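This report looks at charge pairing and at a nonpolar area on the surface of one protein chain. The structure is shown below.

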Amino acid sequence: MQVSVGIPGKMTMMVENAGKATSRGVELEFGARPFSGFDLSASFGLVDIEYDQYNDKANGVDYAGKTPPYVPRYTYSLSAQYRRPITEQYAFFIRGELQGFGQQYWDNGNDVSEAAYDIVNARIGVESAHFDVYLWANNLFDKDYRKIGYHTKMGTYAQTGDPFTVGVNAVFKF
């Protein structure tokens, strides 16, 4: 297993071999159509991963038994969507989804992490054989979360997740 590590005293990363790691996981998916035009789906993924052997020679630390960074313990999604013909050529479409991410560490020592978080997205629009138009909203409730981060001796740095965002998509098919 290869990992990125900081070089002591520098703002530089390098890639090194971590020795050994054990990873186990499972993913389940479910889909249903209770009635014509209405679809439900759900998924759940669970990951158990840890370093079996990893001695970071550059920093003089043994990370055996720790969880590698950037691997959420679990992920899930739930969605519902509905399509209904308006005319012979056009159909109405609406979709809502909930996405969840478990805690994930940002460093090999498991000292810095992002807590579990959920975001809600939605889309509504009209579809046809030749074009689709959608109004969409991501992170509907403006959940504050950090997408990715890293930790150095000088501090912790992170990129915030996308805030509440609204847009319109037009798709032309030819």
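A salt bridge is counted when a side-chain nitrogen of Lys or Arg lies within 4 Å of a carboxyl oxygen of Asp or Glu. By this rule the predicted model has 8 salt bridges. Three of the pairs are listed here.

| Salt bridge | N to O distance | Acidic residue, relative accessible area | Arginine, relative accessible area |
|---|---|---|---|
| R24 and D48 | 3.1 Å | D48, 32% | R24, 51% |
| D39 and R33 | 2.7 Å | D39, 18% | R33, 58% |
| E127 and R83 | 2.8 Å | E127, 11% | R83, 35% |

The salt bridge between R24 and D48 links distant parts of the chain, with R24 in strand β3 (residues 20-35) and D48 in strand β4 (residues 38-53), 24 residues apart. R24, D48 and R73 are linked in a network of salt bridges.

In the pair of D39 and R33, D39 is buried, whereas R33 is exposed.

E127 and R83 also meet through their side chains. E127 belongs to strand β11 (residues 117-128) and R83 to strand β7 (residues 74-85), so this pair ties together parts that are 44 residues apart in sequence. E127 is buried, and R83 is partly exposed.

Apart from the charged pairs, the surface carries a nonpolar patch formed by I94, I124, V133, L135, L140, F141, F164, V166 and V168, with about 790 Å² of accessible area together. Strands β12 (131-138) and β15 (165-172) each supply at least two residues of the patch. L140 sits in the loop between β12 and β13 (146-152). Patch residues need over 30% relative accessible area, and L140, at 33%, is partly exposed.

Notes:
Residues numbered from 1 in each chain as written. Predicted model: local features only at pLDDT ≥ 70, side-chain atom pairs only at ≥ 80, totals over all residues. Heavy atoms only, no water. Patch = residues over 30% accessible without salt bridge, like charges linked within 9 Å, V, L, I, M, F, W, Y side chains within 5 Å. Areas by Shrake-Rupley, 256 points an atom, 1.4 Å probe, with all protein chains shown as cover. Helix = DSSP H or I, 4+ residues; strand = E, 2+ residues; numbered from the N terminus. Buried < 20%, exposed > 50% of the residue type's maximum accessible area, 1.4 Å probe, protein only.
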